[in-house]
Amino acid sequence: GGKSASSLMKNLNFGSMGAKLYFVRNITKQLSQNLAKVVQYGIDYEETLNLWQTAMRGNISQARVFTNEMTKAYGISSATLMNYQATFKNMLGALGNISETTAYGLSEALTQMALDFSSLYNVSVESAMTKFQAVLSGQVRPIRTAGYDITEQTLFQLYQSLGGEKSMRQLTRTEKQL
């Protein structure tokens, strides 16, 4: 009976040692995965910051104030807001015939409108931003699904109420999109 007890003890020690090694392996794996996430977040943030700084150009201090206010108001990370605002600014700049100041002001307004849309319709911020980006690129279906009437007649009435004096035919494509 003594041999079986000592061999049982060896097996238990071996099992205990195996469990310890397994535990150490799992902890090490989790730590390395978390470290990789932190490094990736830093890289992503740096890319977003570069995109935002390039898009904002001469409006960086004003844009920083806007980002800080929206972060506090909506509880969204500044990196996320910077990314969306820069995307809107770049899209507006690509339309042409829009001044830097106007494009910046519109990027602020679109970012805030999309955040409000997200809250009002209880959709994710990402979904709201995607819908507003689609509208800006001329795709109206995503915003129509939320019940917005964006027919040419409705938009023309809005244009006139804002002081527009041209006829619908006189408006450029960019003016109609805006």
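**Entry 1: Glu46**

I looked up Glu46 in this predicted model and found a relative accessible area of 43%, so I recorded the residue as partly exposed. Glu46 belongs to helix H1. I then checked its distance to Ala79: the two C-alpha atoms are 9.2 Å apart, while 33 residues separate the pair in sequence.

**Entry 2: the chain as a whole**

I counted the secondary-structure elements next. The chain holds 8 helices and 0 strands, and its pattern along the sequence reads α-α-α-α-α-α-α-α. Of the 178 residues in the chain, 26% are buried. I noted an accessible surface of about 12000 Å², with 57% of that area belonging to carbon and sulfur atoms. For contacts between residues at least 6 apart in sequence, I found that 54% join residues at least 24 apart.

**Entry 3: the loop after H1**

I turned to Arg57, which sits in the loop between helix H1 (2–56) and H2. Its phi is positive, about 40 degrees, although Arg57 is not a glycine. Is Arg57 buried or exposed? Its relative accessibility is 52%, and the residue therefore counts as exposed, the cut-off being over 50%.

**Entry 4: H2 against H3**

I examined how helix H2 (residues 60–74) packs on helix H3 (residues 78–95). Two packed helices are described by the angle between their axes and the distance between the axes. Here the angle is about 125 degrees and the axes lie 9 Å apart. I therefore entered H2 and H3 as oblique to each other, since an angle of 115 to 145 degrees falls outside the roughly perpendicular and roughly antiparallel classes. The crossing of H2 and H3 is right-handed. On the H2 side, I listed Ala63, Phe66, Thr67, Met70 and Thr71 as making the contact; on the H3 side, Ser78, Leu81, Met82 and Gln85.

I then followed one residue of H2, Thr67. With a relative accessible area of 3%, Thr67 is buried. Which residues does Thr67 contact, leaving aside neighbours within four places in sequence? I found Trp52, Ser78, Leu81, Met82 and Gln85. Of these names, Ser78, Leu81, Met82 and Gln85 also appear on the H3 side of the H2 and H3 contact.

**Entry 5: H3 against H4**

I repeated the inspection for H3 and H4. Their axes come within 8 Å and cross at roughly 135 degrees. H3 and H4 are therefore likewise oblique to each other, and their crossing is right-handed. From H3, I recorded Leu81, Tyr84, Gln85, Phe88, Lys89 and Leu92; these meet Glu100, Ala103, Tyr104, Leu106, Ser107, Glu108, Leu110, Thr111 and Leu115 in H4. I noted that Leu81 and Gln85 are listed both in the contact with H2 and in the contact with H4.

**Entry 6: Asn90 in H3**

I selected Asn90 as a further residue of helix H3. Its relative accessible area is 36%, so Asn90 is partly exposed. What does Asn90 touch, not counting residues up to four places away in sequence? I found Leu51 and Ala55. I also looked up its separation from Met56: 34 residues in sequence, and 9.0 Å in space from C-alpha to C-alpha.

**Entry 7: the end of H4 and the loop that follows**

I located Ser118 in helix H4 (residues 100–121). Ser118 has 8% relative accessibility and therefore counts as buried, the limit being under 20%. A polar atom of the Ser118 side chain lies 2.6 Å from the backbone oxygen of Val123. Not counting residues up to four places away in sequence, I found Ser118 touching Val123, Ser124, Val125 and Ala128. Val123 thus appears both in this list of contacts and as the residue whose backbone oxygen lies by the serine side chain.

I closed with Asn122, in the loop between H4 and helix H5 (125–136). Its phi is near 55 degrees, a positive value in a residue other than glycine. I recorded Asn122 as exposed, because its relative accessible area is 72%. Arg57, looked up in Entry 3, also has a positive phi, of about 40 degrees.

Methods. Residues are numbered from 1 along each chain as its sequence is written. This is a predicted model: local features need pLDDT of at least 70, side-chain atom pairs count only at pLDDT 80 or more; totals for chains, interfaces and linings use all residues. Side-chain values use heavy atoms; hydrogens and water are left out. Helices (H or I, at least four residues) and strands (E, at least two) are DSSP runs, numbered from the N terminus. Buried means under 20% relative accessible area, exposed over 50%, partly exposed in between (1.4 Å probe, protein chains only). Contact means heavy atoms within 4.5 Å. Accessible areas come from the Shrake-Rupley method with a 1.4 Å probe; for residues, only the protein chains shown count as cover. A polar contact is a pair of N or O atoms within 3.5 Å; within protein, one must be able to donate a hydrogen and the other to accept it, and residues adjacent in sequence count only if both atoms are side-chain atoms. Axes are lines fitted to C-alpha atoms, for helices over the stretch in contact, and angles run from 0 to 180 degrees between N-to-C directions. Angles under 35 degrees count as roughly parallel, over 145 as roughly antiparallel, 65 to 115 as roughly perpendicular and the rest as oblique. A crossing is left-handed if the near helix is turned anticlockwise from the far one by less than a right angle, and right-handed if clockwise.
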